[in-house]
Structure formats: C-alpha cells, structure tokens
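Colleague: I would like a close look at a single part of this model, with its surroundings described as you go.

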Amino acid sequence: KEDENTRYTIIRFLSPLYKKNITLLSKGPEETYMYMPVLKTVKKMEASSKNEKFADSDFTYEELSLLYKISDFAEKAIIYDQDDEKYIIEVDQEDKDIPYSSVRIEILKATMLPEEVTFYNWRNKASKVIGISDYEEIDGKMIPWTITAYDCKTEGKTTLNFKEVELDIGMDSEFFSPKNISRPHLKY
C-alpha cells in the first residue's frame, strides 16, 4: 500500500508443481501483469482478460484483485441484512463490462472481519462464493490463512492456503515491478 489510493499486490503459486512460480502483479485496476515460468515471459493483462480464470483455478483475475480492494467499496455499501453474529453488506455496481451486478460481504460482528464474499450475476443469482477463514493476528494485523472460491455454475472449488506472511518488510516500489516477478526468488 503506497498510499490510501495506491495498493500493489503480488500473488505467487508455490504448488502444485506444474503451477510453481506463476505470479500475478496488480498495480491498480488498469495495470496487472502475469508471469508464466513455462513461457519465461511477463505479459500485461488486457482489460478483456480480467474475467478469465487465473492459472486454471476458480478465481478470475478480477476477483483476486477485488479481494484486496474490499475496503474500497465502503462508500457504496449498504447494510443488506444483519443478525446477532454478522452483518451482510451489499455493493451494487452498474458497469455492464463486469460480470457481477452486486457483491455481498458477510462480516462477523465479533471481529469485524469478512468471512464470505458472494458475487451475484445480472440475473441476481449467486455466481461465485469466496470464503475467507483461519484468521491470525500477525504484527497487529489480522491475516486470513485460507481463501476458498466456489464457482456456483461449474461447482468447481479452489482453495488458497498461505504458508508464510511477512509484513512491513521495507519493500520499495521497484519490488512491485514486472521484471521482479519473473525472478525465481522475489528480491526486496
């Protein structure tokens, strides 16, 4: 997070072996890159590619970037429903280029952390459900260790399990460069 409006994200697969080191770099909604070790090249993602599946998973590129931008929705969000344990926040959007008309986020009241994100298509049917779980506090920040995507249409399921998290390690903006994501070991 460079400032309140600029967030950079790198996601790298470590397993299974045939996907090892596939890397996604997001430097905002219009600047996303992908490194494919088999091709030994970094490609800038076109806007038309954002709804394609990432590395044969049940996540699309757009969904992966949305997971790190949930707080950006706050100004458009309404409380859709609530009970004693959770809030359900809904964010509607009108951009027909995005396959989702709305997103509903279940937030646990006890922790105020998201537990589930449901994407609704333009017919108001659940299209994708992303579960976020196994939170642990690390250096004062709550980190989820498991993120699972379930595709309601194909019934496919992909789970991301994080093995290691390092925070505030002094990375400058050069770390988040297309050249860096092509290295076997990310240098910071």
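Which residue in S9 does Phe119 stand opposite?

Modeller: Bearing in mind that this is a predicted model, Phe119 stands opposite Lys128 in S9. The two strands concerned are S8, covering residues 113-120, and S9, covering residues 126-138, and they run antiparallel with five bridges joining them. Both belong to an open sheet of seven strands, whose order is S5-S6-S7-S8-S9-S10-S11 and whose pairing is antiparallel. At the edges of that sheet lie strand S5 (78-82) and strand S11 (157-161), each of which pairs on one side only, while neighbouring strands are turned against each other by 20 degrees on average, direction ignored.

Phe119 also has a place in the largest nonpolar core, which has 16 residues; together with Val103, Ile105, Val117, Ile130, Ile132 and Ile147, Phe119 is among those that touch the most other members. At least two residues of this core are supplied by each of strand S7 (102-108), S8, S9 and strand S10 (141-151), and the largest share, three residues, comes from S7. Separate from this is a second core of seven residues, including Tyr8, Leu25, Tyr33 and Ile181.

For context beyond this part, there is also an open sheet of four strands in the order S1-S2-S3-S4, again with antiparallel pairing, and its edge strands are strand S1 (9-12) and strand S4 (41-44). Within that sheet, strand S2 (residues 23-26) pairs with strand S3 (residues 32-36) over four bridges in the antiparallel sense, and Thr23 has Tyr35 in S3 as its bridge partner.

Technical notes: Residues are numbered from 1 along each chain as its sequence is written. This is a predicted model: local features need pLDDT of at least 70, side-chain atom pairs count only at pLDDT 80 or more; totals for chains, interfaces and linings use all residues. Side-chain values use heavy atoms; hydrogens and water are left out. Two strands pair if DSSP finds at least two bridges between them. Axes are lines fitted to C-alpha atoms, for helices over the stretch in contact, and angles run from 0 to 180 degrees between N-to-C directions. A nonpolar core is a set of buried Ala, Val, Leu, Ile, Met, Phe, Trp, Tyr and Cys residues joined through side-chain atoms within 4.5 Å. Buried means under 20% relative accessible area, exposed over 50%, partly exposed in between (1.4 Å probe, protein chains only).
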